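Take a walk through this model, from one helix to a loop and then to the cysteines.

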Amino acid sequence: MVNKQKLVKSGMWQFANTFVIIVSQIVCNAIIARYVTKKEFGIMAITNAFVNFASFFSEAGMGDALMQRKDVEPQHKNAALFFSLLVSVVMYLIMYATAPFIANWYNQPELTDVLKVLGLSFIFLSLGSSSLNLLQKEFKFKQVFFSDSLSLLLSNILGVILAMKGYGVWSLVYSILFYNIARLIMVWIMEPIPVFLGATLRHWKDLFNYGVGLTLIRIYNFVSGFGIMLEIGKLVPIAALGTFERSYRISNIPVRYLGDMIQKVMMPFMVKINDEEEKLYAFFSRGLSFSNALLLPISFFCIVFCKPIVLLLLGTKWLSAVLPMQILFFSLPFRITTKVSDALMRAKNLVFKNANRKLQYVIVLCIAVYIGSFWDLKGISIGVTLSAVFSYITMLITIRSKVFKKGWATLIIQPFKNGALLTVVSVAPSYLIYWLLLQVIDNEIIAFGVLCTLLGAFFSLVFFKMPSLLGSDFVALRKELMKMKNKKGKNGKGKGGGGRKRRMQMEEGEILPEVDETLTASASNANEELNG
């Protein structure tokens, strides 16, 4: 049964997971940035780009194919695991052999050993991909929370300790390896794969086409994300690459984690109702509106307070990252809209159509980065931002022509309406409060910390006491949370009246129509945490 409370409960566990990841990553990066040099971050940017690229082939989209498929047999799980393992081993051997040539191409000898060691990580990623996606498919976000958050928290602690002991770039390498090994062990315990049952060619074919299409999309996502580091690494000095990589990574935190959180929760539900256009559109539209209600204010808040953010997260030696980061923050609303729309395209099995759109975006991005490099990091950041706008426009065109025949005003204005209003009423007063704090506190970092504490307390109070001030998206979320709380309080008072209660819930819209095995005709992301 698919119901709103199940959606909200899944979302809350995924939010908790995202919160732990963001906080631990921010604290970890803030400390490591004070011990690891810009050059070492530049080396890591190139290494991550190659490893992420290889990992897309090694996973081959098999884990996501399991999530998208309605009827999953045990042999499908084995087919996904065996194929991912085979491809990942082949990709590692290729990387091991080519590592010296890559190091020579970038004139960075240290790259050879770093690539050979960190390349092992995508083998661990591919081995855990099927189990992780099956946990998400079955809405076991509580288990995802413990496997993901605990692994990352421990790996970040390890990375900080090694960085403080002078391990430099290797502190990042060992941290990533530890994370992937720890998460692999935990997801295998929580969602074991019945390897002894074997698999047939038919089971592999059932997954292959979707997996190939999704792999193409992920390759394009890679190029449009951290893959551009490979191009930038040849256009600017390695230290400048390190500055851009930190700017891009920090500006990408809201989309990478909040966007992933929303996408992972929405994807299984959209698969369930992908043949019911009106329900699917209502669900998709609400998801977009909620995403932008979060990300639009965050985007402009980060633009305004970019300098204290850099001082807090990176330190005074990274002030050259402020302007590139401000420019990149402008792209957040467009990127989050495109990311949520990606989940819709996957749910509708339009992976190849989406892959064609992504290819156009990648071509525009590579050209824009090259042209922008004539104006250093500022020009590159502008090129990346304009390319994100291009991707957003082409996604709207694709959705309107292939999925929803809605008016342009509905698709363009509606998703941003609540977020735009919340931005106006939150960012301007925040800057005024910050200015007043600076008159009393002669330290930008402390003043910014006090501001964030006050804002956190204020918005928490408003959400629970006066959610209407935050817009309809947060009103609906609070309503479902309160229903869950009240339901838990009544569980011990008897179980009678279930049928009448269910009918009342159906009438109120609390429960969506059931989607069971007999109705599949009518209701027909692998986690990427190589983030150093």
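Helix α11 is mostly covered, with 32 of its 35 residues buried. Buried stands for under 20% relative accessible area, exposed for over 50%, and partly exposed for the range in between (1.4 Å probe, protein chains only). Helices are DSSP runs of H or I with at least four residues, strands are E runs of at least two, and both are numbered from the N terminus. This is a predicted model: local features need pLDDT of at least 70, side-chain atom pairs count only at pLDDT 80 or more, and totals for chains, interfaces and linings use all residues. Residues are numbered from 1 along each chain as its sequence is written, and side-chain values use heavy atoms, with hydrogens and water left out.

α11 spans residues 238–272 and is kinked by about 50° at N252. The proline P254 follows shortly after that kink. The bend at a residue is the angle between two fitted axes, one for the seven residues ending there and one for the seven starting there.

Now the loop. G471 sits between α20 (444–465) and α21 (472–490). G471 counts as buried because its relative accessibility is 17%. Its C-alpha lies 8.4 Å from that of G419, across 52 residues of sequence.

Last, the cysteines. How many disulfides does the structure hold? Zero. A disulfide is a pair of cysteine sulfur atoms within 2.5 Å. The closest cysteine sulfur to that of C302 belongs to C306, 7.6 Å away, so the two are too far apart for a bond. C452 is in no disulfide either, as its nearest cysteine sulfur, that of C302, is 8.9 Å away. C302 is buried at 10% relative accessibility, whereas C452 is partly exposed at 32%.
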